[in-house]
Amino acid sequence: MADSMPVKANFTQFINGFAVQTLVHLGKMSNPMTGKAGVDLANAKYSIDILGILEEKTKGNLTSEEEEYLSNLLRDLRMEYVTVMNEKPGEAGESTENESKDEASS
């Protein structure tokens, strides 16, 4: 077994987890469980909202680099959300992955 240093957890890694979840829900990355990309705007919005809460609740407690990173990350994810939402009008809150499963079982 190779000797390796344990990864030190930090705030940036923590928020990147939510960012990856958001990108999966926006269909920009494949779901690691299914290997398929699908859009789930409701869960994408939830992940973005969680990051927004973290930004609000950690104000004044982050380094300037962490603050800037979170702010830029939120801006980019919100813009991506709006782009995907506009590409799929009428699907807000719906999941294309779930629809595919429902259609396959019918």
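Helices here are DSSP runs of H or I with at least four residues, numbered from the N terminus. In this predicted model, that numbering places T58 in the loop between α2 (41-57) and α3 (64-87). The briefing below begins with the nonpolar core and the packing of helices, returns to T58, and then takes up the aromatic pair and the salt bridges.

**Nonpolar core**

- The largest nonpolar core comprises 18 residues, and the members with the most contacts inside it are I15, L51 and L70.
- Each of α1, α2 and α3 supplies at least two residues of this core, and α3 gives the most to it, with six residues.
- As general background, nonpolar side chains in soluble globular proteins tend to be buried together.
- When residues up to four places away in sequence are not counted, L70 touches F11, I15, L51, L54, E55, T58 and L62, a list that includes I15 and L51, which are named with L70 as having the most contacts inside the core.

**Packing of α1 against α3**

- Two packed helices are described by the angle between their axes and the distance between the axes.
- For α1 and α3 the angle is about 5°, and the axes lie 11 Å apart.
- Because angles under 35 degrees count as roughly parallel, α1 and α3 are roughly parallel to each other.
- On the α1 side the contact is made by F11, T12, I15, N16, A19, T22 and L23, while on the α3 side it is made by E66, Y69, L70, L73 and L77.

**T58 in the loop between α2 and α3**

- T58 has a relative accessibility of 16%, and it counts as buried because the limit for that class is under 20%.
- Leaving aside neighbours within four places in sequence, T58 is in contact with F11 and L70, and both F11 and L70 also take part in the contact between α1 and α3.

**Aromatic pair**

- A pair of aromatic rings is described by the distance of the centres and the angle of the planes.
- The count of aromatic pairs comes to one, formed by F14 and F18 in an edge-to-face arrangement, with 5.4 Å centre to centre and 85° between the planes.
- F14 and F18 both lie in helix α1 (residues 11-25), where they are four residues apart, or about one turn of the helix.
- F14 is partly exposed, its relative accessible area being 45%.

**Salt bridges**

- Three salt bridges are found in a search of the whole structure.
- One of them joins E80 to K28, with the closest N and O atoms 3.2 Å apart; E80 lies in helix α3 and K28 in the loop between α1 and α2, so this pair ties together parts that are 52 residues apart in sequence.
- Of these partners, E80 counts as partly exposed at 25% relative accessibility, and K28 likewise counts as partly exposed, at 43%.
- Another salt bridge is formed where the side chains of D49 and K45 meet, at 2.9 Å from N to O, and these two residues both lie in helix α2, four residues apart, which is about one turn of the helix.
- D49 is partly exposed at 35% relative accessibility, as is K45 at 41%.
- A salt bridge also links the side chains of D76 and R75, at 3.0 Å from N to O, with D76 partly exposed at 41% relative accessibility and R75 partly exposed at a relative accessible area of 42%.

Technical notes: Residues numbered from 1 in each chain as written. Predicted model: local features only at pLDDT ≥ 70, side-chain atom pairs only at ≥ 80, totals over all residues. Heavy atoms only, no water. Buried < 20%, exposed > 50% of the residue type's maximum accessible area, 1.4 Å probe, protein only. Contact = heavy atoms within 4.5 Å. Phe/Tyr/Trp six-rings, centres within 6.5 Å; stacked < 30°, edge-to-face > 60°. Salt bridge = Lys/Arg side-chain N within 4 Å of Asp/Glu carboxyl O. Core = buried A, V, L, I, M, F, W, Y, C linked by side-chain atoms within 4.5 Å. Axes fitted to C-alpha atoms, helices over the stretch in contact; angles between N-to-C directions. Parallel < 35°, antiparallel > 145°, perpendicular 65-115°, else oblique.
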